[in-house]
Amino acid sequence: ADDHGFPMINLGVSAGAIYVIRNPLDVVISFSHFRGVPIDQAIIDMATAGFGLPTDHCLVSFAMDSWSAHVRSWTERPSPAVHVVRYEDMLAEPNPAFGAIAHHVLMAPTPEQLSRAIAVVSFDRLKKAETDGGFHDTPAAAEPFFREGRAGQWRQVLSAKQVERIAADHGDQMGRFGYLPD
């Protein structure tokens with residue numbers, strides 16, 4: 001994706017990246033909470049070309065683009081420098097997912113080291129750390145950044161109309177990553 005005509009990430013001067021993709025049906029719930037806006041507004045924002053957040057007392061402005069454009073910009077042209085991992089796979093099968101990430105950054109942890117690293121970054125530990133000491137990226141008006149950390153919450157939260165709207169806005173990219181609803 002571009003910001004004012006310039007690529008947001010220039011792989012020509014980057015050693016590499018790990019791109020974590022998450023189902024937009026769940027992203028919209030987290031994004032709504034993070035920004036303190038209704039889900040319907042978050043749906044609109046996630047579909048808006050060139051969308052970004054302005055500078056405030058906590059954050060410097062940054063461009064995100066639409067969810068689909070963001071995903072496309074990182075995944076459309078496969079690059080050995082970019083490792084793409086689904087958030088849901090990190091939850092369901094953490095050892096292979098984190099092992100592949102470690103391999104991408106040229107690390108070769110032992111199974112014990114990998115298990116310890118996964119334990120250190122578990123959702124429950126991150127949530128506790130936020131509760132105990134705060135989380136730097138959370139806007140003042142937002143609910144806690146680390147809310148639930150699970151996949152599929154959209155099935156209990158979103159209406160059928162909201163699911164349809166997100167699928168209509170992002171169906172191409174959702175289909176590529178297995179996120180279209182059943």
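Two strands count as paired here if DSSP finds at least two bridges between them. In this predicted model, strand β3 (residues 17-21) clears that bar with strand β6 (residues 82-86): five bridges join the two, and they run parallel. Within this pairing, Val20 stands opposite Val85 in β6. Strand β3 also has two distinct faces. Ala17, Tyr19 and Ile21 make up the covered one, while Ile18 and Val20 lie on the uncovered one.

Before going further, a word on confidence. The chain averages a pLDDT of 83, and 75% of the residues score at least 70. Helix α9 comes out highest, at a mean of 97, whereas helix α7 (residues 123-133) is lowest, at 59.

Back on the covered face of β3, Tyr19 takes part in a ring pairing. The count of aromatic pairs comes to one. That pair is Tyr19 with Trp74, and the rings are stacked, with 5.3 Å from centre to centre and 20° between the planes. Tyr19 sits in strand β3 and Trp74 in helix α3 (residues 67-75), so to speak a link between distant parts of the chain, 55 residues apart. Both Tyr19 and Trp74 are buried.

Ile21, on that covered face too, has plenty of company. Leaving out neighbours within four places in sequence, Ile21 is in contact with Trp67, Val71, Val84, Val85, Arg86, Tyr87, Glu88, Phe177 and Tyr179. Tyr87 turns up again in a different kind of arrangement: the charged end of Arg22 sits over the Tyr87 ring, 4.5 Å from its centre.

Ile21 is also a hub of the largest nonpolar core, which holds 25 residues; Ile21, Leu25, Val28, Trp67, Leu158 and Ile166 have the most contacts inside it. At least two residues of this core come from each of β3, α1 (24-35), α2 (39-46), α3 and α9 (160-176). Helix α1 gives the most, with five residues. As a general rule, nonpolar side chains in soluble globular proteins tend to be buried together.

Helix α9 also carries His170. Is His170 buried or exposed? With a relative accessible area of just 3%, His170 counts as buried, because the cut-off for that label is under 20%. Not counting residues up to four places away in sequence, His170 touches Met46, Ala47, Trp67 and Ser68. Trp67 thus appears in the contacts of His170 and in those of Ile21.

Key: Residues numbered from 1 in each chain as written. Predicted model: local features only at pLDDT ≥ 70, side-chain atom pairs only at ≥ 80, totals over all residues. Heavy atoms only, no water. Buried < 20%, exposed > 50% of the residue type's maximum accessible area, 1.4 Å probe, protein only. Helix = DSSP H or I, 4+ residues; strand = E, 2+ residues; numbered from the N terminus. Phe/Tyr/Trp six-rings, centres within 6.5 Å; stacked < 30°, edge-to-face > 60°. Lys NZ or Arg CZ within 6 Å of the ring centre and 35° of its normal. Core = buried A, V, L, I, M, F, W, Y, C linked by side-chain atoms within 4.5 Å. Contact = heavy atoms within 4.5 Å. pLDDT = per-residue confidence, 0-100.
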